[in-house]
Amino acid sequence: MGTFEQINNKVVAAAVAPGREILARRGAMLAYTGDVGFSPVHTGQGGAGGMVGRMMAGEQVPMMVAQGHGTVHYGYRGLYVTIIELDGSGPLSVEADRLVAHDAALQSTVVFLGSQGGIRGAVRGAVSGQGLFTTQLHGYGTAAVLSHGGTIAIPVGGRPVAVDPQAYVAHVGQVNVDIAASVGWRDAVGRGSGEAVQLKLTGQGTVYVQASEQKL
């Protein structure tokens, strides 16, 4: 059973205990019960989920660590929250501003998208406008991510899965992501349409797609 419990579409509860600390973006804590303390995660601070790499790489999403013993309720600006379990089969890749909370035991690294075979920086800059970095969480544990209108989980395996870049939220597993431009579709729907550029996912895993093209 995971650390997080879905309370409703927009709120999750996380059990905090010694050795089971929770990292969350600042401002996401809604309420808590028990003896729980909160402290900021600073650049240059070791430990807690490998957050140093994220902050030094330029992902400017301030984080807080919850520790002690109790239950913390998290949500953020009325956005929908999806719980994702990591079973060690592959990392979770998600934009920093969509990551609301996760087990501190998960190791966090930052990937510069323009330098690897994932979502190219050109898509993030020109299409979705969410930057050139993405966060990857590794290990066993639970994370909670934000979306507009909730998410659907689409299995990746066998045939490629195509996703609108602005509807993309996250993916988990051994998944490769590339850009595909559909000239025929651009002509059909108009050259200003985002559907002319798609993300093509291959490999084995799951992609999470939100029910909106609205950015956070």
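F38 sits in strand β4, which covers residues 29–40. In this predicted model, F38 has a relative accessible area of 31% and is therefore partly exposed, since that class lies between the 20% limit for buried and the 50% limit for exposed residues. Together with M29 and Y32, F38 makes a nonpolar surface patch of about 250 Å².

The patch is one part of the surface of a protein with 15 strands and three helices. The accessible surface of the protein amounts to about 9600 Å², and carbon and sulfur atoms account for 53% of this area. Of the 216 residues in the protein, 47% are buried. Contacts often link distant parts of the sequence: among those between residues at least 6 apart, 82% join residues at least 24 apart.

The interior holds separate nonpolar cores. The largest nonpolar core has 18 residues, and the members that touch the most others are F4, I22, A66, Y74, V100 and A101. Two or more residues of this core come from each of the strands β2 (11–16), β3 (22–25), β5 (63–74), β8 (99–103) and β11 (140–147). A second core, separate from the largest, contains 13 residues, among them L86, L92, L106 and V172.

A buried polar residue can be followed next. Q210 belongs to strand β15, residues 197–210. Its relative accessibility is 4%, so Q210 counts as buried. What does the side chain of Q210 meet in its polar contact of 3.2 Å? The partner is the side chain of R98. A polar atom of the Q210 side chain also lies 2.9 Å from the backbone nitrogen of H148. Both R98 and H148 appear among the residues that Q210 touches beyond four places away in sequence; the others are S147, G150, T151, Q166, A167 and V169.

G158 offers a contrast in exposure. This glycine lies in the loop that runs between β12 (151–156) and β13 (161–163). Is G158 buried or exposed? With 73% relative accessibility, G158 is exposed, because the value is over the 50% cut-off. Leaving aside residues up to four places away in sequence, G158 touches G203 and Q204. The C-alpha atoms of G158 and T202 are 7.6 Å apart, although 44 residues separate the two in sequence.

Note on methods. Residues numbered from 1 in each chain as written. Predicted model: local features only at pLDDT ≥ 70, side-chain atom pairs only at ≥ 80, totals over all residues. Heavy atoms only, no water. Core = buried A, V, L, I, M, F, W, Y, C linked by side-chain atoms within 4.5 Å. Buried < 20%, exposed > 50% of the residue type's maximum accessible area, 1.4 Å probe, protein only. Helix = DSSP H or I, 4+ residues; strand = E, 2+ residues; numbered from the N terminus. Contact = heavy atoms within 4.5 Å. Patch = residues over 30% accessible without salt bridge, like charges linked within 9 Å, V, L, I, M, F, W, Y side chains within 5 Å. Areas by Shrake-Rupley, 256 points an atom, 1.4 Å probe, with all protein chains shown as cover. Salt bridge = Lys/Arg side-chain N within 4 Å of Asp/Glu carboxyl O. Polar contact = N/O pair within 3.5 Å; in protein donor to acceptor, adjacent residues only side chain to side chain.
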